[in-house]
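Let's take a walk through this structure together, one element at a time. Keep the sequence and the 3D view at hand as you read.

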Amino acid sequence: MRTFGKMAACAALAWAASGYALAGPGDPVKVIYHINAGNEQATDGLRNANNHLAADPKAKIVFVTHANGVHFLLDGAKDKNGNSYDALVQDLMGKGVEFRLCRFTLERQKIDPKRVIQDVKIVPS
């Protein structure tokens with residue numbers, strides 16, 4: 001039991017030291033949408049982000065994409081119904097949402113960075 005108590009204390013200390021904190025009154029809520037499983041997941045994430053902003057327009061939302069999750073951020077990408085992602089992404093960007101795409105994924109999948117929607121931030125990994 002002592003070992004468990006020490007482990008719990010260490011975990012609590014590590015959590016506190018990580019800088020993680022709940023938003024205080026008046027602070028904007030910060031959200032990360034992690035997209036790595038393809039366009040269907042991206043479609044769900046975009047819809048959820050729009051719903052989130054409708055409920056809380058001050059929320060700070062960042063999409064982090066890698067692996068199969070980058071394709072919706074390429075010029076001309078369309079969902080399963082043939083709807084373009086470009087307009088949805090640009091609309092969310094206009095509301096302050098940020099999109100980050102993994103450069104390593106682009107290199108690994110041999111995708112030209114020029115195909116990425118304008119203003120999407122390409123990050124190292």
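We begin with confidence, then turn to the sheet, and end with the helices around it.

What you see is a predicted model, so a look at its confidence is a good place to start. The mean pLDDT of the chain is 87, with 82% of the residues at 70 or more. One stretch to treat separately is residues 3-21, where pLDDT stays under 50. For that stretch the model has one contact beyond four places in sequence.

Now for the sheet. Four strands make it up, and they are arranged in the order β1-β2-β3-β4. The sheet is open, and its strands pair in parallel. At its edges are β1, covering 30-35, and β4, covering 121-123, each of which pairs on one side only. If you look along the sheet, neighbouring strands are turned against each other by 25° on average, direction ignored.

In general, strands of a sheet are held in pairs by backbone hydrogen bonds, in either a parallel or an antiparallel way. Here, β2 (residues 60-65) and β3 (residues 98-102) run parallel and are joined by four bridges. On the next step across, three bridges link β3 to β4, again a parallel pair. L101 is a handy residue for following both pairings: T65 stands opposite L101 in β3, and I122 in β4 is the bridge partner of L101.

How does the chain get from one strand to the next, and with which handedness? From β2 it crosses through α3 to β3, and this β-α-β crossover is right-handed. Another right-handed β-α-β unit is made by β3, helix α4 (residues 103-108) and β4.

Next, find helix α2, which spans residues 39-55. This helix lies across β1, β2 and β3, and runs at about 165° to β1. Helix α2 also has a helical partner: α3, residues 85-94, packs with it at an angle of about 35°, their axes being 11 Å apart. The crossing of α2 past α3 is left-handed.

Which residues bring these two helices together? From α2 come N39, T43, L46, A49, N50 and L53, and they meet Y85, L88, V89, D91 and L92 of α3. Sorted by character, the residues of this contact are seven nonpolar, three polar and one charged.

Putting the pieces side by side, α3 appears in two roles: as the helix in the crossover from β2 to β3, and as the packing partner of α2.

Technical notes: Residues numbered from 1 in each chain as written. Predicted model: local features only at pLDDT ≥ 70, side-chain atom pairs only at ≥ 80, totals over all residues. Heavy atoms only, no water. Pairing = 2+ DSSP bridges. Axes fitted to C-alpha atoms, helices over the stretch in contact; angles between N-to-C directions. Contact = heavy atoms within 4.5 Å. pLDDT = per-residue confidence, 0-100. Left-handed = near helix turned anticlockwise from the far one by under 90°. Nonpolar A, V, L, I, M, F, W, Y, C, P; charged D, E, K, R; others polar. Right-handed = clockwise from strand over helix to strand, strands pointing away.
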